[in-house]
Each structure stands twice: as structure tokens, then as C-alpha cells.
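I opened the file to look up a few things before going back to the bench. These are my notes, in the order I made them.

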Amino acid sequence: MKFECSELNLWKEALSSYSTRLESLNKPNLISFDDFYRNQLPPILRNRNPNPYITTAELSKLMQWKLTRGKWRPRLLDFVSSLDEAAVKSASEKAFQSLPDVSKAVSELTVLKGVGPATASAVLAAYAPDVAPFMSDEAMVAALGNSKDYSLKQYLLFANKLQTKAKELSSENETFTPSDVERALWSSAMETKQLASHPDADSKVKPSKSSKRKRKP
């Protein structure tokens, strides 16, 4: 599925396949990490309103989710796990309060060692999925053509494209968030990779024309 695709059903199908694609990776703890990130962390953060923040332990688990779903970089996890609790709370409070100014919010988080724009986007997406999508490699490639530039400038371009796509796919009866768009793109990319490595896994063998002909007795 290309980013330019405007068929809602295809986007919904890709999004609904997210959990299946996740399981197919067979990565230890990924399912539990993803459950924490998508289902447990968001209400935890919102319950801290009007001054929401994230703790070092939560940020560390978020980083484990990010690295397990994507590329494993153990040094980043070490950096984040050793961050000062007060520093993490202060930076994340300022970041959440900066929304919907995504640029300012990301900048508030990237003062923390080990937290770049991609990790900052994951933190923001957990709290405000309707504003800030996670900067995944797969979605970056789909939306911008590459995933090599992890600068704030590149993230702002990425976020804007996914916000626009989310609005395009949404209607009175259907709500698509930028985070939904990211997950659909990730799911679609995973499907493409899996089909490339196992070309016969998702295809049905079609009978040849010759097999359809009736043999003479």
C-alpha cells in the first residue's frame, strides 16, 4: 500500500492487521511491550492531567518497545534507564504542556540523554496520538522516501504529512489519527517484507488452464 493511496478500506485493513504482523515477528516480549505502549501507558499519562509526565521506568519500557519493534540499540536503553527521575519528569511535563506545538514538545524531550526526535515522538504519540505520530523507519520510508534523517526538521515534515493523511481518511463516521496512519504503514511494510521472504506464504495456488480441461476417456 502506497502512502498516496486514498482507499479507506485498504488503510483499515492494514491497521486491523497490525497485531497479526506484530506477532509474526516472533520477537521476545514484543507483544507485552506493545500492550504496555498502546493500551496501558496512554491512560496512565492522561490520568496525571493537568500536569502529565512520564517516569524514568515508563520511558525505559517505552524504549524497550521502540527498540524491539525496530532496530535494537542497547546503548540507548542504557542511557534512558540511567536518567534522573526529576529530569525526566520536568522535561516530559514541559513537552506535554507544549502540545499541540510539536516542534517545541520534541525539543523539550531531546534535552534528555538518549532521547532523540524518534524516541520523543513515541512519548508524545502515547499521550497525544491525534497530534504526534511515532517516527518509525517504515512510516518514514512510506511518507518521505527514506528513514536516514532523524532530525527535528524531518520529523516535522513527517508529522505534517501523517496529520494531513489522517484528515483525508477521516469522516463523520470514521476517525483516523496520525498514529493510526503510522501503524497502518508499518503493518503494510511488514506484510511486504514477509511476502518477499516467503513468496508462497500468502498466495493460493491457482489451477492452470491445462488442469481445467477435461481429459478424454
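The entries below go from the whole chain to single helices, then to single residues and charge pairs.

**Entry 1. Whole chain**

I noted at the start that this is a predicted model. I looked up the secondary structure and found 12 helices and zero strands in the chain. Read along the sequence, the pattern is α-α-α-α-α-α-α-α-α-α-α-α.

I then took the dimensions. The C-alpha trace spans about 85 × 40 × 30 Å along its principal axes. The accessible surface of the chain is about 12,100 Å², and carbon and sulfur atoms hold 51% of that surface. Of the 217 residues, 43% are buried.

I also checked how far along the sequence the contacts reach. Counting contacts between residues at least 6 apart in sequence, 61% join residues at least 24 apart.

For charge, I have 32 positive and 25 negative in the chain. The mean positions of the two sets lie 9 Å apart.

**Entry 2. Helix H4**

I looked up H4, which covers residues 56-69. Its 14 residues should span 20 Å at 1.5 Å a residue, and the end C-alpha atoms are 20 Å apart, which agrees.

Is H4 enclosed or open? I count 11 of its 14 residues as buried, so H4 is largely enclosed by the rest of the structure. The buried set includes Leu 59, Leu 62, Met 63, Trp 65 and Leu 67. Charged residues are in the set too, among them Glu 58, Lys 66 and Arg 69.

Which helices do the buried residues of H4 pack against? I listed H2 (18-24), H3 (30-46), H5 (74-81), H6, H8 (117-127) and H11.

**Entry 3. Ser 92**

I went next to H6, residues 85-98, where Ser 92 lies. Ser 92 has 0% relative accessibility and counts as buried. Leaving out residues up to four places away in sequence, I find Ser 92 touching Pro 52, Tyr 53, Ile 54 and Leu 109.

**Entry 4. Helix H11**

I looked up H11, residues 178-197. It has 20 residues and reaches 29 Å from first C-alpha to last, close to the 28 Å expected at 1.5 Å a residue.

Where in H11 are the buried residues? They are Pro 178, Ser 179, Asp 180, Val 181, Glu 182, Arg 183, Ala 184, Leu 185, Trp 186, Ser 187, Ser 188 and Met 190.

**Entry 5. Ala 166**

I picked Ala 166 in H10, which covers residues 152-169. Ala 166 is buried, at a relative accessible area of 3%. Apart from neighbours within four places in sequence, Ala 166 is in contact with Phe 176, Thr 177, Pro 178 and Val 181. Two of these partners, Pro 178 and Val 181, are on the list of buried residues in H11.

I also took one distance from Ala 166. Its C-alpha is 8.5 Å from that of Ser 179, which is 13 residues away along the chain.

**Entry 6. Salt bridges**

I reminded myself that side chains of opposite charge can pair when their charged atoms come close. The count of salt bridges is 10. I looked at three of them.

Lys 12 and Glu 174 meet through their side chains at 3.4 Å, N to O. Lys 12 is in H1 (residues 8-16) and Glu 174 is in the loop between H10 and H11, so this pair ties together parts 162 residues apart in sequence. Lys 12 is partly exposed at 33% relative accessibility, and Glu 174 is partly exposed at 22%.

Glu 138 and Lys 193 form a salt bridge at 3.9 Å, N to O. Glu 138 lies in H9 (residues 137-144) and Lys 193 in H11, so the pair ties together parts 55 residues apart in sequence. Why did I write Glu 138 down as buried? Its relative accessible area is 16%, and the cut-off for buried is under 20%.

Lys 165 pairs with Glu 168, with the closest N and O atoms 3.1 Å apart. Both residues lie in H10, three residues apart, about one turn of the helix. Buried or exposed? Lys 165 is buried at 4% relative accessibility, whereas Glu 168 is partly exposed with a relative accessible area of 44%.

Note on methods:
Residues are numbered from 1 along each chain as its sequence is written. This is a predicted model: local features need pLDDT of at least 70, side-chain atom pairs count only at pLDDT 80 or more; totals for chains, interfaces and linings use all residues. Side-chain values use heavy atoms; hydrogens and water are left out. Helices (H or I, at least four residues) and strands (E, at least two) are DSSP runs, numbered from the N terminus. Buried means under 20% relative accessible area, exposed over 50%, partly exposed in between (1.4 Å probe, protein chains only). Contact means heavy atoms within 4.5 Å. Accessible areas come from the Shrake-Rupley method with a 1.4 Å probe; for residues, only the protein chains shown count as cover. Lys and Arg count as positive and Asp and Glu as negative; His and the chain ends are not counted. The place of a charge is taken as NZ of Lys, CZ of Arg, CG of Asp or CD of Glu. The expected span of a helix is 1.5 Å times one less than its number of residues. A salt bridge is a side-chain nitrogen of Lys or Arg within 4 Å of a carboxyl oxygen of Asp or Glu.
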